[in-house]
Amino acid sequence: MFKIISLKNGLENVAGFSFDGLSAGFKKDGQNDLGFIRASQNASLWARFTRNKFKAAPIRHFEKTFNLNLDSIQNTSQKNADFYKNELHTNFILLNSKNANAMTGKAGIDDIDEIFKALKSLPNFNNFTLVNPLMSSTGVIGYRLDKEKIICAARNFNLNAQNSDALARAIMTTDRFKKEIALKVELEDGTSFNIACICKGAGMINPALATMLCFILTDAPIPNEDAHELLECAIEQSFNAISVDGDTSTNDTIMLLSSKQAKGYDKEAFGFALNQICLQMALNLVKDGEGSTKVVAFEIQNAATKEEAKQAALALANSLLVKTALFGCDPNWGRIASTIGASGINCDENKLSIYYDDVLVYNAQNPQLDEIREKAAHEIMLKDSYKIICDIGTGIACYKAYGCDLGHEYVSINADYRS
C-alpha cells in the first residue's frame, strides 16, 4: 500500500533540481518568457514528442544530441528501438515562449547550439558544465530565435534558484492560468519519493503522442524499463485522450526527468502517481482551452474493440459540430450519433444508446427527445463538466476521451495570435 499527499509549490518539492523563469523581453509588460531546469547531477531523461511531420528545431536538436531518428522510432516497436533500451541523460533544459522556432530548418537547430555555446562563457555558468543541454520552445511558427535577447537575459539566471511559479509562467502563451502540480508518495516501508509537473497548453491541442509542453520531475530512482512503460501508459490515458481544437503542434513535448535522489520507489505507486498527474494536467489543458467554458468526457462503452472505442471517443472530442453544440448547450444527439457513424467503427443505430450523464437522449425505442428529457439534458449541459456516454452495443471495450466546447473567443484569440 502507499499514500498520496498533494503538495504546494510544484517543482520545488523534488530533490536534485533548480529552476527559474524571467523576462527576456518577448512578452508584453515584462511577463516571464524564458526559463531553465537544471539538474545538480546528470538527470535520467525520458521524452515523447509530437507526431507532426514538421517537428520544430528544439525536437530536431534533441535528435541530434542523442543521435536519434524520432520519425523512425515512432513507427517502430518499442522493444526494437534503442531509444527505449538506452537511458538518456541531461543536466540543463532551456525553455522559451512566444517563438516556436519551428519551420526554421537547419538554421533553427544551429541557433540552439550557438546559444548553448554562448551560455558556457557567461559568468553565472562558470562553475557549471552543460551536459547534453536541450531546449524547448512554444509560440509563433516560422521565426528564428532572437539569440542575443536570450543570451543577454540568461546572464540573470540564478542557477541555484527554485522558483516553480516563475518557470510555469515563463512557458505560458494563450494559457489563462499556470499549470503545476506536486505529489508526495509515502510507501509502506517508510520511504517516499516526490513527483511534480509544470505544463502549458490551451490551443493546438489534439491527441497525437503528446500535445503541449510538459515537464515532469521526480526524485524516485526509476528503472529505465519501468519509466518507458509507465510513461506510455500515462500518456495513453491522459494527453492522448484530449482535444481542444483538433490541431497538432510542431513542438509538442513531454519530458520526464529523475534525479534518483529519493530512497523510495515502487513501480505500482509511481505509476499511480504519474497517471494522476498526467490526467490532471490533461484535464487542465482542456479546461484552459482557448475560449472554452466546459470540460466534457466522451465515454464509449461496449464497443467491438478497444481501438474502435478510442477511435469513436476521439472523433467526438475533435468534432467541431459537437463542440459548437456543447457551447450552445444544445442536446442535439444527432451530432453525436453522426460523428460515431462517420468514425469508421462497427456500429448499429438499433444498438446505440446515448446518455448525457444519466439522462437518456437516444436509443432506438426513444429516438425523439420529449420535453422532459430535453429539458433535463439541457440542464446538464449548463454545467462546467459532465459526461456524454455512448453505448455502442457491439462488444465490451471501453475508452474515455476529453474535450471542450468551442465558441467565439477561440476565433478571436487565433485570428490575431501573432499580436
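In what order do the six strands of the open sheet run? The order is E9-E15-E11-E14-E12-E13, and the pairing is mixed. Before I go on, please keep in mind that this is a predicted model.

Let me stay with the sheet for a moment. Strands of a sheet pair through backbone hydrogen bonds, and they do so either parallel or antiparallel. Which strands stand at the edges? They are E9, residues 242-243, and E13, residues 359-362. Each has a single partner strand, so one side of each is left without a neighbour in the sheet. E13 is joined by three bridges to strand E12, residues 353-356, and the two run antiparallel. As one example from that pair, Tyr355 has Leu360 in E13 as its bridge partner.

There is also a helix on this sheet. Helix H9, residues 306-318, packs there and touches E9, strand E11 (295-303), strand E14 (385-391) and strand E15 (397-404). The direction of H9 makes about 15 degrees with that of E15.

Now the chain as a whole. It is divided into domain 1, residues 3-288, and domain 2, residues 295-416. Taken over C-alpha atoms, the centres of domain 1 and domain 2 are separated by 33 Å.

Next, the cysteines. How many disulfides does the structure hold? Zero. Take Cys233: the nearest cysteine sulfur belongs to Cys278 and is 9.7 Å away. A disulfide would need the two sulfur atoms within 2.5 Å, so Cys233 is in none. Its relative accessibility is 34%, so Cys233 counts as partly exposed. Cys398 is in no disulfide either, and here the nearest cysteine sulfur is that of Cys390, 12 Å away. Cys398 has a relative accessible area of 40%, which makes this residue partly exposed.

The last residue on my list is Ser192. Where does Ser192 lie? In strand E7, residues 192-200. With a relative accessible area of 24%, Ser192 is partly exposed. Leaving aside residues up to four places away in sequence, Ser192 touches Lys184, Val185, Glu186, Ala262, Lys263 and Gly264. With one of these, Lys184, there is a polar contact of 3.4 Å between the side chains. As for Asn9, Ser192 is 183 residues from it in sequence, and their C-alpha atoms are 18 Å apart in space.

To go back to the start: the open sheet has six strands, with E9 and E13 at the edges and helix H9 packed on it.

Conventions
Residues are numbered from 1 along each chain as its sequence is written. This is a predicted model: local features need pLDDT of at least 70, side-chain atom pairs count only at pLDDT 80 or more; totals for chains, interfaces and linings use all residues. Side-chain values use heavy atoms; hydrogens and water are left out. Domain bounds come from an automatic or database domain assignment. Two strands pair if DSSP finds at least two bridges between them. Helices (H or I, at least four residues) and strands (E, at least two) are DSSP runs, numbered from the N terminus. Contact means heavy atoms within 4.5 Å. Axes are lines fitted to C-alpha atoms, for helices over the stretch in contact, and angles run from 0 to 180 degrees between N-to-C directions. Buried means under 20% relative accessible area, exposed over 50%, partly exposed in between (1.4 Å probe, protein chains only). A polar contact is a pair of N or O atoms within 3.5 Å; within protein, one must be able to donate a hydrogen and the other to accept it, and residues adjacent in sequence count only if both atoms are side-chain atoms.
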